[in-house]
Amino acid sequence: MAAGSVSIATIYAFGPFRLDLQAEMLSRGKEPVAIGRRAVALLRMLVERPGAPVSKDALIEGAWSGRAVEENNLTVQIAALRRVLGEAGGTDWIETMPRRGYRFVGPLVAKEQNADATGPTMAVTLPDRPSIAALPFIDGSCDAVGPSSGLLDPDQHPFAAAPIASLRGIASAREASAISNIPIRVPMHFMGRDDALASILARLACHEGRVAITALHGLRGVGKTTLAAAYAEHHRGDYRATWWIRAQTEPTMRADFAALGVRLGWVGAEDKEEPAVAAVMERLRYEGNGILLIYDNAVDARALEPYLPRGGTANVLVTSNAHAWRGIAAPVEIHLWPNEIGADYLIARTGRDDERAAAEALSEALGGLPLAHEQAAAYCERLDIPLAEYRTRFEAAPARFLDDTRHAPAEYHDGLTVAKTFALAIAEAAKLHPAAEPLIVHAALLAPEPIPLFLFAEAREKFGEPLARSLAGDGLDEAVAALRCFSLVDREMIRDERDPTAVTATIRLHRLVRQVAAHRREGAALTQARRALGEAVAAIYPDGVLDDPKTWPRARRLDALALDLVDVDAAPPQQADDWTANLLNGLALYRQGPLATFALAQPLYERALAIRENLLGPDHPDTAQSLHNLANLLQDQGDFVSVQPLHERALAIRERVLGTRHPDTAQSLNSLAMQLVIQGDFANAGMLLERALAIRQETLGPEHPATAQSLNNLARVLQMSGNIVGAASLLERALVIREKALGPEHPATGKSLSNLARMLQAKGDLAGARPLFERALAISEKVVGAEHPATAQGLSNLARMLQAQGDLAGARPLSERALAIREKVLGAAHPITALSLSHLAGLLLDLGDLAAARPLQERSLAILEVIQPDHPFTNRARYHLARLHLAEGNAADALKFSEVAVAAHEKALGVRHRFTRDSARIAADALAALGRAAEAAVLRGRYGMR
């Protein structure tokens, strides 16, 4: 075009962007956006047909001018465009159309025809040294590409001032003349790495003007080498030389450096290796521009550092299993395939388009490892079997399929299988530290969960010698570091779900690494390893897990591991070890207390009891402990019939074997007494509790939490018997002990607060009771959670207090929430659920909603009559139902239920007890309503009522 001539420029505007087709330039506002000519061509084809799909073939043909390129080149360019557009919120403007291509779905495109005077055509003089074009990808470690970033500074980069059209010929010339020794072929079905390719571009672009080093690290078989080759293939036109260096050993690195020097003419073919390598390193310092060095399979940063360019502007790409590269390189972790990408690969590789669900399931089973996917696909293709059938065969014999040499890809390290790849890595790690191999084997035998390192640190003696000695001091950390050098484990800090201050160091194994490592032990060695793990977990499983919140973070980290060990070791009781019983007992306590999953706890307790009876005998103290724990659980479940015989048997064993003054004997006395309380036998319960209190004060001391428990329970009996004054002093003393010994937010402290508040409420001090109830509820919600039975109890207590204050509207949602928790956690037929039903019915009665109250009250009484027909709480439900009948005008039914309640309460609690007097009042009112005023007066007189 002649100088000064006028041209018509076609410009597409979308969002803040403008695409100038004549200048082949994308700008944002007034600033140019640095993207390559192929990206410009792709964007042009898409915006010219907004909303319409453009096939991949058409896009490749238009952007690469008929050259034969693989589809991954297109996906990388699309990823680049999405990243650029995403800076203005346009990440989704280019939409993938499965099996059709892509389409532009951004804001309305306005096509403008602008007359613009162009200046004279710029003549470009090529510089003596090659230059690297600015890359459009950025991340948090780089400044944004723009006028002030330095990436487009003409003084630094002579090409930066040239029009893009002028650069096209340069790029094409470089592509044609570039030298390369890439030894592997990028697979036809290379996919799922758009983000990784973009990350490589971004990190290399961040170091413009100096050596740019990027390290690809990740699990073996994840595709690091393939990714490096794909990057080199895609960008071969950006470099005058792309050189592959075998970095696993020093001799191979030296040989490949010398070969690079020969190829570039820097050294002679006959030169000795030592000076040749030195000469290449020196030339790279000053003439490294336009050279990409790929160091494949580097052991670690220390081994590689002497062979990295000491200056200049070469680009360096490293692949390694090791993770520690930040000292010399920008690391890029190569992740496993998500199931969707894995399924895409399996379908593309096998041609089984109609097996999508099976492909995703198989990808999940293979853990997203690309190498395993290739072996699976090759197997399915050769035998022509469905993907689901391969998964079935694989899961039946994973070790055999992972070592299937026939279907290992030949280009992957001379045909290494998944199994041999990981086996070699384990062997190399063992050279770095003697504990590495046994550590990963033991870890592989555990459940596929994060494994807390304190297991191997605190219980190392359980693993025997020489492993125990090797793990001492910093040996465990060194062994983990050795395994991490080969990406065999990930190290992860896990913050507790409920206590953010509790952080645990853990390791995690990929599922296929687990399969390979676990297969290294067989027969007696495997049995011994499993036994050592069981003994180790049992040894460090926390004591006091039933009710001590400080132990719960540790129990959470061990729970899945311990449960898997006892499930795997589900031997008959006569063949089980004592560690199994101990671990079963701990797991059951955790489910009974913090989790309140009573149904899951019961079979664990029962197995522990059976093992102890067979292993230790029926009269052993540990057997008595199992009897005691099972009885308490049955009580929590509302199975009151089975509880007492178990407690009586446990007490008999302890008195006979341990003596009548032993703390364990006091524990049995306490628990048996609380069962008698449930039965309404307060007199005998009080005697047992006094014995237990005396033993605990004598053996444990007056300030021990167990002593506080006895004080609390004895106070409960006194209060139920009407001795409010005696109960108050015991409750206050128990609260002081618990706050001092356990802390102000311990669940036991919350129980003492609730019991003291109930006593104050019974005395009529509602103002004093309320803050105690509120504090107790806050403790439960914080410590055990919003859906725990203890929280339901706190809600119910507060609701009853509000009801007593006359705040029925405030009480109702609390009572309804308590009922919902109990129905969900305890079950619809549990006696505590029945009490919630009765309380809510009473509230509804006070609110005047008799129709809603009746079915709840009838449900409550039906549950309690089945469980304990003569219990005070059952008779209390009869009293509430009598109230309801009387409010409905049904005096006859009211009298029937209230008379039964009066007689039962008087027998169990006495004439002056509140429950007795309440029932008598309803009976008298019913008699009066029936016209039997004289009988009503006699009844009132008998119970001291007006």
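Where is the place of Ser487? In this predicted model, Ser487 lies in the loop between α19 (475–484) and β15 (490–495). Its phi is positive, about 55°, although Ser487 is not a glycine. With a relative accessible area of 12%, Ser487 is buried. A positive phi also occurs at Asp384, another residue other than glycine, where the value is near 55°. Asp384 is found in the loop between α12 (370–383) and α13 (387–396). In contrast to the buried Ser487, Asp384 is exposed, its relative accessible area being 59%. A further backbone feature is the cis peptide bond that joins Glu465 and Pro466, with omega about 5°. Pro466 belongs to the loop between α17 (454–458) and α18 (467–471).

The protein chain as a whole contains 40 helices and 16 strands. Of its 946 residues, 51% count as buried. When contacts between residues at least 6 apart in sequence are considered, 65% of them join residues at least 24 apart.

In soluble globular proteins, nonpolar side chains tend to be buried together. The largest nonpolar core of the model comprises 186 residues, and the members that touch the most others are Tyr231, Tyr390, Phe422, Ile440, Ile451 and Leu488. For Tyr231, contacts beyond four places in sequence are made with Leu197, Ile200, Leu201, Leu204, Tyr239, Leu292 and Leu317. A second core, separate from the largest, has 32 residues, among them Ala215, Trp243, Ala258 and Leu284.

Ile451, one of the residues of the largest core that touch the most other members, is placed in strand β14 (residues 451–452). Its relative accessibility is 2%, and Ile451 therefore counts as buried, the cut-off being under 20%. Beyond four places in sequence, Ile451 touches Ala443, Leu446, Phe456, Ala505, Thr506, Ile507, Leu509 and Leu561. Ala505, which is among these contacts, is 54 residues from Ile451 in sequence, while the C-alpha atoms of the two residues are 8.3 Å apart.

Two packed helices are described by the angle between their axes and the distance between the axes. For helix α15 (residues 418–432) and helix α20 (residues 511–518), the axes come within 9 Å and cross at roughly 75°. Because angles of 65 to 115 degrees count as roughly perpendicular, α15 is roughly perpendicular to α20. On the side of α15, the contact is formed by Val418, Ala419, Phe422, Ala423 and Ile426, and on the side of α20 by Leu512, Val513, Val516 and Ala517. The residues of this contact divide into nine nonpolar, no polar and no charged. Phe422 of α15 takes part in this contact and is also listed with the residues that touch the most other members of the largest nonpolar core.

A second helix pair is formed by α28 (residues 682–699) and α29 (residues 705–720), whose axes come within 9 Å and cross at roughly 160°. Since angles over 145 degrees count as roughly antiparallel, α28 is roughly antiparallel to α29. The crossing of these helices is left-handed. From α28, the contact involves Phe682, Ala685, Gly686, Leu689, Glu690, Ala692, Leu693, Arg696 and Gln697, and from α29 it involves Ala706, Thr707, Gln709, Ser710, Leu711, Asn713, Leu714, Val717 and Met720. The composition of the α28 contact with α29 is 10 nonpolar, six polar and two charged residues. In the contact of α15 with α20, by comparison, no polar and no charged residues are present.

Two further helical positions were examined. Gln635 is found in helix α25 (residues 621–636). This residue is buried, with a relative accessible area of 15%. Apart from its neighbours within four places in sequence, Gln635 is in contact with Phe640, Val643, Ser671, Met674, Gln675 and Ile678. Val825 is located in helix α34 (residues 808–825). Unlike the buried Gln635, Val825 is partly exposed, its relative accessible area being 23%. Once neighbours within four places in sequence are left aside, Val825 contacts Ala596, Glu787 and Pro789. The C-alpha atoms of Val825 and His788 are separated by 7.4 Å, although the two residues are 37 residues apart along the chain.

Conventions
Residues are numbered from 1 along each chain as its sequence is written. This is a predicted model: local features need pLDDT of at least 70, side-chain atom pairs count only at pLDDT 80 or more; totals for chains, interfaces and linings use all residues. Side-chain values use heavy atoms; hydrogens and water are left out. Axes are lines fitted to C-alpha atoms, for helices over the stretch in contact, and angles run from 0 to 180 degrees between N-to-C directions. Helices (H or I, at least four residues) and strands (E, at least two) are DSSP runs, numbered from the N terminus. Angles under 35 degrees count as roughly parallel, over 145 as roughly antiparallel, 65 to 115 as roughly perpendicular and the rest as oblique. A crossing is left-handed if the near helix is turned anticlockwise from the far one by less than a right angle, and right-handed if clockwise. Contact means heavy atoms within 4.5 Å. Ala, Val, Leu, Ile, Met, Phe, Trp, Tyr, Cys and Pro count as nonpolar, Asp, Glu, Lys and Arg as charged, and the others, Gly among them, as polar. A nonpolar core is a set of buried Ala, Val, Leu, Ile, Met, Phe, Trp, Tyr and Cys residues joined through side-chain atoms within 4.5 Å. Buried means under 20% relative accessible area, exposed over 50%, partly exposed in between (1.4 Å probe, protein chains only).
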